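The following account leads the reader through selected features of one protein chain. Please keep the sequence and the three-dimensional view at hand while reading.

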Amino acid sequence: METKIFTTSEKDIMEAGEIIRKGGLVAFPTETVYGLGADALNEEAVKKIYLAKGRPSDNPLIVHVSRKEDIAPLVKEITPKAQKLIDAFFPAPLTVILPKSEKVGKVVSGGLDTVAVRMPENETARRLISASGCPVAAPSANTSGLPSPTRAKYVIEDMNGKIDGIIDGGDCEFGVESTVITLATEEPTILRPGAVTKEMIEEVIGPVQVARAVLEGMKENETAASPGMKYKHYAPKAKVVIVDADKKAYENFVNRQKNAFALCFEGDEVTIPKVTFGKENDDLSQARELFDALRLLDEMGAKKVYARIPHTTGVGMAVYNRLIRAAAFNIIDLRKPFTIGLTGQTGAGKGYVGEYLTSLGFHVLDSDKFVGRIYEKNPEILKKLSAEFGNDIIVKGEVDRKKLGKIVFSDNEKLQKLNSIVHPEVIRLCEENAEIPSVLDAPQLFEAKAQDKCYKIISVTAPESIRLERIMRRDGITENEAKKRIDAQLDEEYYKSNSDFVIINDGKNDIKKQIDTILEEIL
């Protein structure tokens, strides 16, 4: 198919309108992103949209009108709250969902009993709709799943040869799709945030809800009631990971990454290749530049991208909503003290994993060393320990760990008491010494209740026979004593059930390969 490129002249607009009226497809600018338009009342024409985009047919489309009075024939009723929104905002980057009339077919509604309607603010868009003489169904004019186009050149890249025409109307004003609110439910609910914010809407109709799927994603088998709700959407070809961190922590983290790009704000001090998307405290600039930035990363050949997290209020909610779907909900939470919690059964080989992580540039905090520091240099802790376990455990002003071990590993109640005295101080010292990215190497991570301080948890396990041999050799103790230490720990199933990843150190599986695979997923 030959795709004709139109200007915004009156002659070109009339020709493009005739194409839509005859069942063809035309891409056109709006104030949000470029749309791919067809006659909304022509089911065969609408099917062409899904085909051109490669879009799932259960993903509903938005119907665009050029006049407010054109809304009534498309819906069963314009409810009072819907009327208030139409009067207050239209034309605007706002879409209202209502129960549909019989005029609206199942294809455009994605099989739902509702229809999404909006009146675009962009003058070229309204002129085209008027010229077509029909309501125009139009999702974003891109290949399904890729970033929405805010410039005609990106529409041409995706749609040339697949549709009848493209109107080049320059850059879009807002850069993210319209806000979508459903009034077909008991409570008005925002299904997709945009430039018309929750706060702006509430000034007109009172309290509104924000759908859980806006910031968390859809549940399995959940039906998309609005465009843009799918789990992965707006995504470039590169793998995107959002980094939840303040400016300094983000900079420190990304500057350590190899073979990666940064998607950051203007002014961020980043040394790896970067693309910016607006200013840190300017949500509108972020919205305007996000999709272009994602496209540019592909043009630059990026394979992995670490994106700085935007705010989730105002228009920032719309930016975050698009970015989290571009990242398929991959987020590294660096606001927690420790990037990785490393734990496992005694004798499983956790120390080797810690050494390898250190060689890769992680700051590994060995909790056992902090225990040693406490036993040597913390008079307050020593006083508590001698009061609880007797003065015999203190030798030359330090804790004799072998003597203490014989006491606590034979009595679970005493072990719990020891933990209650030592663990809080150990975790405090580890937090004080944490850097980004930090690994908390803690054999008693779960017993210390420190798992919530870690972004991800890796456990190391090994067969009991191997562990017994290692413990006896490492600590110079008998098999019976080694067995008591094993029995005093949580069982293997607990580690597996409560960890994000498990490394099996049985002498058969390649440890480094397991770690590399885990880090690829985490980072």
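Helices and strands are here DSSP runs, of at least four residues for a helix (H or I) and at least two for a strand (E), and they are numbered from the N terminus. The model under discussion is a predicted one. With these terms, Lys449 can be placed in the loop between strand 21 (438–441) and strand 22 (454–461). The backbone of Lys449 has a positive phi of about 55°, although this residue is not a glycine. Is Lys449 buried or exposed? Its relative accessibility is 66%, and because exposed means over 50%, Lys449 counts as exposed.

A second residue other than glycine with a positive phi is Phe329, for which the value is near 65°. Phe329 belongs to the loop between helix 10 (316–326) and strand 16 (331–333). Its relative accessible area is 17%; since the limit for a buried residue is under 20%, Phe329 is buried. Another backbone feature is found at Phe90 and Pro91, which are joined by a cis peptide bond with omega of about -5°. Pro91 lies in the loop between helix 3 (80–89) and strand 5 (94–99).

The discussion now turns to the sheet. Eleven strands form an open sheet with mixed pairing, in the order 1-8-2-3-7-4-6-5-9-10-11. At its edges are strand 1 (4–6) and strand 11 (209–210), each of which pairs on one side only. Within the sheet, strand 2 and strand 3 are paired in the antiparallel sense over three bridges, and Val26 stands opposite Gly37 of strand 3. Helix 2 (residues 43–53) lies across strand 3 and strand 7 (136–137), and its direction is at about 155° to strand 3.

The loop that follows strand 2 introduces the salt bridges. There, the side chain of Glu31 meets that of Arg118 in a salt bridge, with an N to O distance of 2.8 Å. What does this pair tie together? Glu31 is in the loop between strand 2 (26–28) and strand 3 (35–39), whereas Arg118 is in strand 6 (residues 114–118), so the bridge ties together parts that are 87 residues apart in sequence. Both partners are buried: Glu31 has a relative accessible area of 2%, and Arg118 likewise has 2%.

Other salt bridges link residues within one helix. Lys247 and Glu251 form such a pair, their closest N and O atoms being 2.6 Å apart. Because these residues are four places apart in helix 8 (residues 247–254), about one helical turn separates Lys247 from Glu251. Lys247 is partly exposed, at 28% relative accessible area, while Glu251 is buried, at 9%. Helix 18 (residues 492–497) also holds two bridged residues four places apart, Lys496 and Glu492, about one turn of the helix from each other. Here the closest N and O atoms are 2.9 Å apart. Lys496 counts as partly exposed, with a relative accessibility of 36%, and Glu492 is partly exposed as well, with a relative accessible area of 31%. Elsewhere, Arg67, Glu69 and Asp70 are linked in a network of salt bridges. The count of salt bridges comes to 31.

The final topic is the packing of two helices. Two packed helices are described by the angle between their axes and the distance between the axes. Helix 16 (residues 464–475) packs with helix 17 (residues 479–487) at an angle of about 115°, the axes being 9 Å apart. Their crossing is right-handed. On the side of helix 16, the contact is made by Glu464, Arg467, Leu468, Ile471, Met472 and Asp475, and helix 17 contributes Glu479, Ala482, Lys483, Arg485 and Ile486. By class, five of the contact residues are nonpolar, none is polar and six are charged.

Helix 16 also contains Arg470, which counts as partly exposed at 22% relative accessibility. Leaving aside residues up to four places away in sequence, Arg470 touches Gly347, Ala348, Gly349, Ala462 and Asn505. Arg470 and Phe362 are 108 residues apart along the chain, and their C-alpha atoms are separated by 26 Å.

Methods:
Residues numbered from 1 in each chain as written. Predicted model: local features only at pLDDT ≥ 70, side-chain atom pairs only at ≥ 80, totals over all residues. Heavy atoms only, no water. Axes fitted to C-alpha atoms, helices over the stretch in contact; angles between N-to-C directions. Left-handed = near helix turned anticlockwise from the far one by under 90°. Contact = heavy atoms within 4.5 Å. Nonpolar A, V, L, I, M, F, W, Y, C, P; charged D, E, K, R; others polar. Salt bridge = Lys/Arg side-chain N within 4 Å of Asp/Glu carboxyl O. Buried < 20%, exposed > 50% of the residue type's maximum accessible area, 1.4 Å probe, protein only. Pairing = 2+ DSSP bridges.
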